[in-house]
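Here is a friendly tour for anyone meeting this structure for the first time. Have a look at the fold, then read on.

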Amino acid sequence: MKRVCVFCGSSLGANEVYGRAARELGGALVSRGIDLVYGGGRIGLMGILADSVLTKGGQAFGVIPASLATKELAHSGLTRLDIVTSMHERKAGMARLADAFVGLPGGLGTFEELFEVITWAQLGLHRKPVGLLNAARYFDPLVFMVDRAIEEGFVHPEHRRLIVVEEDPNELLERLEHHRLPSLPKTIRTAES
Ligand code: AMP
């Protein structure tokens, strides 16, 4: 695992525990020699994360659409900043650069980015692990919803293993390094099957 793509809030969140988690994740990446790939902004948890990596001597790669470069205040001190033309290109660019994905607390944008890489793993479109850093148990309701979808027959039970959930950043990265993805591709069930 050489590069990890982190999805996280462009806000700081209501509790300082989220900023602390972003800082600790940055430290854990650098201490393991893993580069950061992220959305390229310098606001919210994105900024805290990137600053944490850079001040500890790590490498941070950003991918930002031109339309957001001013709104999310593109980080000017990154190892490399790719300016792209659309949100789709941003996600494709981040995914291409990374060997694994991590979600830190965030809002709708973070959810969207996370669920895209989870569903693509489900379809077998990539074989990169996905983890959630469950700071202050922020993601508990999201995991609960996935479990509910399994109970109600909308998600295959094997696909629960597509999401690694941990509260400690080092523990999370350790688990992602050794994670074995389920081999089962999603099959589309029709009313007749
Ligand atoms: P949020 O979690 O809503 O603060 O958003 C976190 C990051 O996700 C921000 O950098 C947003 O610009 C970004 N984002 C939101 N929607 C998308 C999308 N559809 N594709 C790529 N990035 C997105």
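What follows covers the cores, two helices and the largest pocket.

Keep in mind that this is a predicted model.

**The cores**

Let's start inside. The largest nonpolar core has 29 residues, and those touching the most other members are Val6, Leu25, Leu29, Leu36, Leu49, Val102 and Leu104. Quite a few elements chip in with at least two residues each: strand 1 (3-7), helix 1 (16-31), strand 2 (35-38), helix 2 (44-55), strand 5 (100-103) and helix 7 (169-178). Nonpolar side chains in soluble globular proteins do tend to be buried together.

Take Leu25 as an example. Leaving aside residues up to four places away in sequence, Leu25 touches Val6, Leu49, Val102, Leu104, Leu133, Pro169 and Leu173. Apart from this core lies another one, made of 26 residues, including Leu97, Ala121, Leu132 and Phe139.

**Two helices with a buried side**

Here are the buried residues of two helices, with the arc that each set covers.

| Helix | Buried residues | Arc around the axis |
|---|---|---|
| Helix 4 (87-97) | Arg90, Lys91, Gly93, Met94 and Leu97 | within 160° |
| Helix 7 (169-178) | Pro169, Leu172, Leu173 and Leu176 | 95° |

Because the buried residues of helix 4 fall within an arc of 160°, they line one face of that helix. Which exposed residues sit on the face of helix 4 turned away from its buried side? They are His88 and Arg96.

In helix 7, the buried residues cover an arc of only 95°, so they end up on the same side. They pack against helix 1, strand 5, strand 6 (130-133) and strand 7 (163-166). The spacing has a simple background: an α-helix has 3.6 residues a turn, so residues three or four places apart point the same way.

**The largest pocket**

Now for some empty space. The largest pocket has a volume of about 380 Å³. Its lining counts 27 residues, and Cys8, Gly9, Ser10, Gly109 and Thr110 are the closest to its centre. Strand 1, helix 2, helix 4 and helix 5 (108-122) each give two or more residues to the lining. Helix 5 gives the most, with 5 residues. Sorted by class, the lining holds 13 nonpolar, 9 polar and 5 charged residues.

One of these lining residues deserves a second look. Thr110 lies in helix 5. Is Thr110 buried or exposed? At 2% relative accessibility, Thr110 counts as buried, because buried means under 20%. Not counting residues up to four places away in sequence, Thr110 touches Phe7, Cys8, Gly9 and Leu104.

Terms used: Residues numbered from 1 in each chain as written. Predicted model: local features only at pLDDT ≥ 70, side-chain atom pairs only at ≥ 80, totals over all residues. Heavy atoms only, no water. Core = buried A, V, L, I, M, F, W, Y, C linked by side-chain atoms within 4.5 Å. Buried < 20%, exposed > 50% of the residue type's maximum accessible area, 1.4 Å probe, protein only. Helix = DSSP H or I, 4+ residues; strand = E, 2+ residues; numbered from the N terminus. Contact = heavy atoms within 4.5 Å. 1 Å grid on protein atoms, 1.4 Å probe; cavity = no way out; pocket = protein on both sides within 12 Å on 5 of 7 lines; lining within 4 Å. Points joined across faces, edges and corners; volume = space filled by probe spheres on them. Nonpolar A, V, L, I, M, F, W, Y, C, P; charged D, E, K, R; others polar. Arc of directions from axis to C-beta.
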